Amino acid sequence: VIASIPANAGGEVGLTFCSTAGVQNLFDSLGEGANPNGRFVGLENGIFDPSTAALGDNFISFTVDAESGCVTGSDTALYTINVLLTPDAGQDGSIELIRNDPPFNLFSELEGTPDQGGTWSPGNADGSFDPATGTSGNYTYTVTNGTCSDTSIVIVSIIDEPCPIVDRTIQSFCRLIDDPAAPSGKRAPRIRDLTPLGTTWYDSRVETDPSPRNQPLIADHVYYAGNATGTCDNRTRVIVRILEEPSAGSNTTITVCEGDNAIDLIPLIGDDSEFGPADIGGTFSPSFASNSTIFDPSLDAEGQYTYTVDNGLCDIATSIITIEFSVSEDANAGEPFPLSFCTTDEDVNLFTELADGVTMTGTFVGEGVTDGVFSPSTSGEGNFEIIYNVGEDLSCVAGADSATITISVRGVSEAPVADAEQSFCLVNNNTVADLVASVTSGESLVWYENEDLMTVAPATTPLQNGAVFYAVASGEDTCGSPSTMVSVTMNDPDAPTLQLEGNEFCRSDNPTLQDLLDNINGSGIQIYASITGGTPLASTTELQDDVQYFATATDATLGCESSERLAIRVEVNFCGIPEGFSPNGDNINDSFVIPDIAIDFPNYNIEVYNRWGNLVFKGNASTPDWNGISNQSGTVGDGVLPVGVYFYILNYNDGATTSEQGKLYLSR
């Protein structure tokens with residue numbers, strides 16, 4: 001007999017499967033203590049297939065009851081099964097490559113519709129693949145959503161490229177070849193120009209590193225043609241020949257004497273500026289009687305001939321040779337003459353110094369001269385005698401003559417010593433004469449306006465802010481020195497400013513220039529009587545009404561006075577009414593005095609009242625100032641007024657100024 005047990009379905013269970021996980025037996029996932037004889041509602045034998053289930057949460061009940069056998073009661077547990085969609089890595093693929101194939105991405109070789117965003121292994125994680133550096137093998141693509149993943153494989157097979165076939169084992173190039181992409185349209189030949197184009201070239205049969213494609217070719221060098229992987233065992237040997245551009249020289253005029261012997265013209269053709277002397281082996285057109293480069297005055301005519309040089313590969317070079325016949329002339333070396341140079345001068349062709357009419361086919365003999373060229377820098381300081389000889393051995397010249405050229409070569413003075421930056425006060429109107437530079441004793445100093453030393457700066461030239469001058473020293477026996485540059489700064493402090501109402505003063509204060517100075521803002525203030533020039537006024541100078549003064553400021557650091565002067569028109573006028581007086585006989589403030597009122601307002605009158613409104617004093621420009629005694633009738637006693645507050649009415653009577661009323665205090 002088997003005893004019954006209480007029904008137990010276990011606790012709630014949560015499961016997660018990928019959609020490609022295959023069928024799952026949920027009995028393998030029963031909760032703790034669950035009766036294995038229970039049943040999963042809706043599932044046969046507890047089998048769950050994620051591939052057919054809905055994505056997301058699926059809810060399934062596990063029930064244990066009397067049907068489970070020997071169980072009392074019933075129990076149910078809820079299974080929550082989360083089905084996740086498995087990513088698609090596509091289907092496997094394969095590809096065959098050769099080393100010189102272009103780079104690509106392995107992703108493009110997968111079949112189906114693989115999901116993006118996966119990674120590759122081995123190799124670059126993003127799937128980029130370069131056949132030149134990659135290797136054959138299996139490359140796995142993995143795509144995941146964090147829980148589920150899928151993989152696919154691309155099989156890569158790399159076949160080494162064959163050895164190149166080279167037709168020419170000697171390859172020739174011009175020193176410059178056409179290239180529209182080059183700045184001048186031509187460039188030096190490079191390894192990439194060897195044929196066949198696109199071949200990988202090496203410096204030896206066993207070299208593993210190829211030569212850079214943009215490396216210039218080396219003349220008479222041997223290169224070896226191989227493949228990009230270096231696996232070609234039978235590299236072809238190629239010799240490089242670099243041909244110079246042909247030179248036909250430059251257009252030249254050659255003068256021959258009608259009686260001269262036949263001459264080879266090639267040595268007489270001038271050099272090409274880029275490719276040098278004319279090459280031999282060219283042809284003249286029209287041709288000479290010699291059918292070569294030999295010109296015979298007795299057989300060939302004067303005129304223009306084209307000399308052409310063609311090496312069969314590079315550009316054809318031509319020049320125009322003009323042949324002129326000349327009759328014989330007497331030798332003329334000209335008159336003796338002197339020349340003077342500095343040791344810094346460039347070489348000079350003495351033929352250019354000969355006078356008109358001199359025979360130009362002579363020779364110069366003497367120290368420091370070669371082929372008619374004298375070099376002051378090589379000869380150094382001193383005096384040199386050069387003999388110019390014209391002899392009978394010259395074509396079309398009869399007789400002989402010579403002339404002496406005396407050349408003096410002087411040294412160069414040392415550059416002046418000067419501060420590179422020199423400052424001045426703008427107000428001083430400095431000129432070039434104020435620039436400071438020192439030179440060796442006995443030498444003179446010259447200032448120039450520009451670096452090429454072509455324009456002398458006169459001493460009276462005004463200095464301007466930012467101007468640049470160049471100092472040069474020279475002496476009787478020396479040439480001008482290297483220049484020393486000096487830049488000019490003209491300092492000009494700001495003009496002073498006037499305080500509010502700083503130009504207004506009371507006549508009664510007897511103001512002086514010092515009172516005006518106290519009202520001006522700035523450092524080192526000075527007052528002048530005119531807008532320009534003059535000398536500063538003394539601080540004790542009395543200020544005059546309606547007179548204009550001019551103030552400057554002086555910078556304390558630079559000591560420069562402002563070029564701009566502040567114009568100040570001073571007002572010295574009648575100022576205010578006293579608030580009281582004390583007629584006690586001490587000679588101090590014994591009278592009620594309104595300063596200058598009779599001057600500014602000659603028609604004024606004033607009335608004074610006591611606190612009861614009685615008129616106690618009346619005055620004007622003709623009456624004495626009030627001394628505390630009433631001048632009105634009806635005053636009690638001797639008219640001496642008591643201490644106290646009094647009130648006044650002041651009438652200016654000028655037709656413009658409003659009358660004033662106020663109070664004052666009388667004390668004794």
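**Entry 1: the loop after E42**

I started with Asn510, which sits in the loop between strand E42 (504–506) and helix H2 (513–517). I'm working from a predicted model here. Phi of Asn510 comes out near 45 degrees, a positive value in a residue other than glycine. That made me stop, because most residues other than glycine have a negative phi. Is Asn510 buried or exposed? Its relative accessible area is 60%, and the cut-off for exposed is over 50%, so Asn510 is exposed.

I stayed in this loop for Arg507, which forms a salt bridge with Asp600; their closest N and O atoms are 3.2 Å apart. The two belong to distant parts of the chain: Arg507 is in the loop between E42 and H2, Asp600 is in helix H3 (residues 597–600), and 93 residues separate them. Arg507 has 24% relative accessibility, so I noted it as partly exposed. Asp600, at 27%, also counts as partly exposed.

**Entry 2: more salt bridges**

How many salt bridges does a search of the whole structure find? It finds eleven. Side chains of opposite charge can pair when their charged atoms come close.

I looked up Asp179 with Arg187, where the closest N and O atoms are 2.4 Å apart. Both of these residues are buried.

Next came Lys186 and Asp315, a salt bridge with closest N and O atoms 3.2 Å apart. This pair also links distant parts of the chain: Lys186 is in strand E17, while Asp315 is in the loop between strand E25 (303–309) and E26, 129 residues apart. Lys186 has a relative accessibility of 25%, so it goes down as partly exposed. Asp315 is partly exposed too, at 40%.

I also found a network of salt bridges linking Arg39, Asp65 and Glu67.

**Entry 3: a four-stranded sheet**

I traced an open sheet of four strands, in the order E21-E26-E25-E23, and its pairing is mixed. Why do E21 and E23 each have one side without a neighbour in the sheet? Strand E21 (252–257) and strand E23 (283–285) stand at the edges with a single partner strand each, so one side of each stays free of a neighbour. From one strand to the next, the twist averages 30 degrees.

Then I checked E21 against strand E26 (residues 317–326): they run parallel, and six bridges join them. Ile254 has Ile323 as its bridge partner in E26.

**Entry 4: the loop after E23, and cis bonds**

Following E23 out of the sheet, I got to Pro286, in the loop between E23 and strand E24 (294–295). The peptide bond from Ser285 to Pro286 is cis, with omega near -5 degrees. Asn291 lies in the loop between E23 and E24 as well, and its phi is positive, near 55 degrees. With 65% relative accessibility, Asn291 counts as exposed.

I noted another cis peptide bond, from Thr195 to Pro196, with omega near 0 degrees. Pro196 is in the loop between strand E17 (186–187) and strand E18 (200–202).

**Entry 5: nonpolar cores**

Which residues have the most contacts inside the largest nonpolar core? They are Leu350, Phe364, Phe374 and Ile407, in a core of 21 residues. Strands E28 (337–342), E33 (382–390) and E35 (401–412) each supply at least two of its residues. I listed what Phe364 touches, leaving out residues up to four places away in sequence: the list includes Leu350, Val369, Ile386 and Ile405.

Apart from this core lies another, of 20 residues, among them Phe581, Leu641, Tyr648 and Tyr652.

Terms used. Residues are numbered from 1 along each chain as its sequence is written. This is a predicted model: local features need pLDDT of at least 70, side-chain atom pairs count only at pLDDT 80 or more; totals for chains, interfaces and linings use all residues. Side-chain values use heavy atoms; hydrogens and water are left out. Two strands pair if DSSP finds at least two bridges between them. Axes are lines fitted to C-alpha atoms, for helices over the stretch in contact, and angles run from 0 to 180 degrees between N-to-C directions. A nonpolar core is a set of buried Ala, Val, Leu, Ile, Met, Phe, Trp, Tyr and Cys residues joined through side-chain atoms within 4.5 Å. Buried means under 20% relative accessible area, exposed over 50%, partly exposed in between (1.4 Å probe, protein chains only). Contact means heavy atoms within 4.5 Å. A salt bridge is a side-chain nitrogen of Lys or Arg within 4 Å of a carboxyl oxygen of Asp or Glu.
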